[in-house]
Structures are given as C-alpha cells and as structure tokens.
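Colleague: I am new to reading models of this kind, and I would like a close look at a single part, the nonpolar interior. Could you take me through that part slowly, and then through what surrounds it?

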Amino acid sequence: MTGGKNLGALLAALHPVQRSGEYVYVLWPEGRPLVQGIEAAIREAEGLAVVLPRAMADREGLAYGFVGAWITLEVHSALDAVGLTAAVSKALAEASISCNVLAGFHHDHLLVPVADAPRALEVLAGLSQDSRQVPRPELLLRSEAREDREAILALTADAFAVSPATGLKVEGEPVEVRVLRGLFESKEYLPEFSVVAVLDGQVVGHVISTRARVGDHGLLGLGPIGVTPRHQRHGIGSALMKETIQRANAAGESGIALLGSPDYYSRFGFVPATSLGVLPPEEAWGDYFQLLPLALWPGGIHGTFRYAEPFALA
C-alpha cells in the first residue's frame, strides 16, 4: 500500500498510540552479538546505536540516560512525504516536550520523555483535531465570578499536575492551587484582573494578576495562568494573556511582571525585568522573571519586585 503524501490528510488521520513499557538509547558494545528484542538500530561513525526496552538494557548491563515512552503515529505516510515530521515536532516543541523521531516503512514513531507521554498524546490528538477543522464553540473571556472558583481551582490542579519546572508528577496539591486560593482572599486581589475562559459553558482557562510593587510603585504580578490539559495548545492561554494586557492598558496600569519561559512570553512583548531595572524576588530566577512595560510605563523604576503576600506564604 502506498503511503500518503498530503499533509492535511496525514495530520487529520494521525491517531497517536503509546506502546507499553519504557525505551532507551544505548551504544551497543563492539563485537557483542545482537540479541532479540532490539527495536531499532542505526550505524554511526562512533558505533552502533540501538533502541531497546529499558529492562533489556538493565539486564545486559548497558548504560543509558534518556528514558522514553514510544508513541506510534498510526497513519501510513510515504517516506518522501513533506512536512509531517516538522508539524509534529513543532507542536511538541511548543508544548516544551522533546521528541526523537524514528521513521519506519509504514509509520513514524516518537520517543518522548516518559513523564511527558500523557501530554504528548493530548498535543498530538489536538493537532489531528485541528487539521480536521472540526467546528469549535466560541471562546468567551469574562471576569471571574465567585461561583467560578471551584472550577478554577480544579482546572489549575489539572494544569499543574506535572511541574513545569521539573517535568515530574506533583505529589499532593500543586503549590499554584494554594497560591490561587490565597490570592482570592488577599488584599492585593483585583477582581477585574481575574479572567476566565469559557468554552461551551465550561470554565477551561483562568489567569489572575494581583497588585504588586517595586518600592512605592504599583505594578501587576501575573500568575498563575492555567488551561485545562485537554484544551491546551488551542490558543486559550494566548487569548487570556492578550485580554489581560488589554485590560491593564485600559485601566492605566504601567507594567506586568511574571515568572515563566522567555521563549513563550517574549511573543507578548515581555523582556527580562532586569533590563528595565526591576530585580526578581529571587536572584536565581534570572531572565525567567520578565516584565511587560505598558503604554504608561514611566521609566526610572528601580528595585526588587514584591508579589502579593500569598506568594511569599506558599
């Protein structure tokens, strides 16, 4: 059967499936006979690299570092099809998930970090759904109401069930949930900057910005921001960010600070806060502590940023 070449059709039929078990890359010892169970191999100048189950590598006494989950894209793509690998790797990269691609005769296969496998499957399923151009309900952005809070805390727990800092599953309640619960009741709470995203009547995203300061100058401290996992990578987080920035400018705020990935937040205009004279609460945060100067940014602000009190108590 001839493999498909149309990128849209391939993406629409992607159907990612995870194999059971954990897999590793090892350099096979020169001269040792190959054993049954090796899943893939490639000859390099440095030796023979093989992919095999982790248990087999342990049994053979072979060293490894990366431990991956194996995901097969069950769509038959031609070996000369253009764009499928790029589309898949781009989608996973935007979700901060690394992947190693193995091209088979019938299918492409991905090895992703074990802890990221559930998110990777969601990302790939979302990529396939987007390509089918399934009509989506309109996204509504509005200020949070008190009756939304149970749903907000639940989606935040789901969104941060895997730590964005370590990539590991969080034991117990994520710290972001405790911070958010405290922010709702704090004196720094600003109701117009607690925004929910509603899809088909369900709260699927939330962002909050609270009063923060550098010296006597008031700024906004953004976070947490969360989107329920099955709706991630559909532009909801970006919509919440843009809504926050629009509201902040309209309210005459001068700047918004946050802790997050420079690669992601730079698209909204955020820059390292230190470049504007604002120091992070913890020096180790470095360029991950960022600031967006708004239309009324006065310049000349220098000092250490102070978040709302619940951040310090978390």
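Modeller: A nonpolar core is a set of buried Ala, Val, Leu, Ile, Met, Phe, Trp, Tyr and Cys residues that are joined through side-chain atoms within 4.5 Å, where buried means under 20% relative accessible area. Please keep in mind throughout that this is a predicted model.

With that in hand, the largest nonpolar core has 23 residues, and those with the most contacts inside it are Leu222, Ile225, Leu240, Met241, Ile256, Tyr265 and Phe270. The elements that give two or more residues to this core are strand 9, strand 10, strand 11, helix 7 (236–250) and strand 12 (255–259), and the largest share, five residues, comes from helix 7. Ile225 is a good place to look more closely: leaving aside residues up to four places away in sequence, Ile225 touches Phe160, His206, Val207, Gly237, Leu240, Met241 and Tyr265. A second, separate core of 21 residues includes Leu10, Leu84, Ala91 and Ile97.

Strand 11 also holds Pro224, and the peptide bond that leads from Gly223 to Pro224 is cis, with omega near 0 degrees.

Helix 6 (residues 175–184) comes next, and its buried residues are Glu176, Val177, Val179, Leu180, Leu183 and Phe184. Seen down the axis of helix 6, these buried residues fall within an arc of 160 degrees, so they line one face of the helix. It helps to recall that an α-helix has 3.6 residues a turn, so residues three or four places apart point the same way. The buried residues of helix 6 pack against helix 5 (149–159), strand 9 (194–199), strand 10 (202–214), strand 11 (217–227) and helix 9 (309–313).

Between strand 9 and strand 10 there is a loop that contains Asp200, a residue that has a positive phi of about 55 degrees although it is not a glycine. At 64% relative accessibility, Asp200 counts as exposed.

Helix 5 and strand 10 appear again at the second largest pocket, as the elements that give two or more residues to its lining. About 160 Å³ of space lies in this pocket, and its lining consists of Ala151, Leu155, Asp158, Gly201, Gln202, Val203, Val204, Thr228, Arg230 and His231. By class, that lining has four nonpolar, four polar and two charged residues.

We can turn now from the pocket to enclosed space. The structure holds one cavity of 30 Å³ or more, and about 40 Å³ of space lies in the largest cavity. Leu73, Leu84, Thr85, Val88, Ser89, Val101, Asp108 and Leu110 line the largest cavity, and the elements that give two or more residues to this lining are helix 3 (84–94) and strand 7 (108–113). Helix 3 gives the most, with four residues, while the lining as a whole divides into five nonpolar, two polar and one charged. Leu84 therefore deserves a second glance, since Leu84 lines the largest cavity and is also included in the second core, where a core is made of buried residues.

In the loop between helix 3 and strand 6 (100–103) you will find Ser96, which has a positive phi of about 60 degrees although it is not a glycine. Ser96 is exposed, with a relative accessible area of 62%.

How values were computed: Residues numbered from 1 in each chain as written. Predicted model: local features only at pLDDT ≥ 70, side-chain atom pairs only at ≥ 80, totals over all residues. Heavy atoms only, no water. Buried < 20%, exposed > 50% of the residue type's maximum accessible area, 1.4 Å probe, protein only. Arc of directions from axis to C-beta. Contact = heavy atoms within 4.5 Å. 1 Å grid on protein atoms, 1.4 Å probe; cavity = no way out; pocket = protein on both sides within 12 Å on 5 of 7 lines; lining within 4 Å. Points joined across faces, edges and corners; volume = space filled by probe spheres on them. Nonpolar A, V, L, I, M, F, W, Y, C, P; charged D, E, K, R; others polar.
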